[in-house]
Amino acid sequence: MGIRDYFPIWEKLTLSQQERLTACAVNKCFKKGTILSNGTADCTGLLLIQTGRLRAYILSEEGREITIYRLLDMDMCLFSASCLMNSIRCDIMVEAEKDSTVWVIPAEVYKEIMEESVAAANYTNEVMASRFSDVMWLMEQIMWKSLDKRVASFLMEEAALEDTARLRLTHEGIAHHLGTHREVITRMLRYFQSEGMVKLSRGVVELIDQPRLQKLYEGNKM
């Protein structure tokens, strides 16, 4: 995939703008666990995911993490170029959740093109609005969904992403995604195991009864 494939508005850009984007894009590989962006103090640039998976999360003063969304192949990460968005006040971290290959476009170049092109500015705002919707959905889950439903939802999402019911996950890793403590996740997973919905082993959560997990998330009686 080339740079043009990431921009639905490519044909609305001038030839000069297209050439600048193509010329400045740098192909980089990041190992799993690498922090690509440290928040507002770090303006890495616009990230275009070729392969792999990135995780955007926020970090509390106590060191507790919570995932706000993930980025897959062909997605665009704007928060790694936070200097483009003066209204962003919270630090959003971006981490490689898997070994990933990305295109990196310098923030200053993309900012110039946004200032020149209404199409680029509008498209960027649309992407931002979509990410804001993701964050609002997350807040709704935190406020209104009980933890058992959130854990069930997370496990089902992981199974879909990995295309397997045998998930290589630690209890601490799940806690980081959901913004809670490892001990709380351990108790919840043991409850799920006692109910026959999962099977636990070291570093692995195997989904035994996905229909019941789905019903739990949807709020139906098991």
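This tour of a predicted model visits three residues in turn, R70, M74 and D163.

Begin by selecting R70, which you will find in strand 5, the strand that spans residues 65–71. If you colour the chain by accessibility, R70 has a relative accessible area of 12%, and because this value falls under 20%, the residue is classed as buried. Next, show the side chains of R70 and E157 together, and look for the polar contact of 2.9 Å that joins them. With R70 still selected, expand the selection to its contacts, leaving out residues up to four places away in sequence; the residues that R70 touches include R53, L54 and R55, as well as D75 and E97. The list of residues touched by R70 also includes F154, E157, E158 and L161, together with H177.

From there, move along to M74, in the loop between strand 5 and strand 6, the latter covering residues 76–77. The backbone deserves a look here, since M74 has a positive phi of about 75° although it is not a glycine. Is M74 buried or exposed? With a relative accessible area of 31%, M74 is partly exposed.

Finally, select D163, which sits in the loop that runs between helix 4, residues 147–162, and strand 9, residues 166–167. Here too the backbone is the thing to inspect, for D163 is not a glycine and yet has a positive phi, of about 60°. The relative accessible area of D163 is 70%, and the residue therefore counts as exposed, the cut-off for that class being over 50%.

Methods
Residues are numbered from 1 along each chain as its sequence is written. This is a predicted model: local features need pLDDT of at least 70, side-chain atom pairs count only at pLDDT 80 or more; totals for chains, interfaces and linings use all residues. Side-chain values use heavy atoms; hydrogens and water are left out. Helices (H or I, at least four residues) and strands (E, at least two) are DSSP runs, numbered from the N terminus. Buried means under 20% relative accessible area, exposed over 50%, partly exposed in between (1.4 Å probe, protein chains only). A polar contact is a pair of N or O atoms within 3.5 Å; within protein, one must be able to donate a hydrogen and the other to accept it, and residues adjacent in sequence count only if both atoms are side-chain atoms. Contact means heavy atoms within 4.5 Å.
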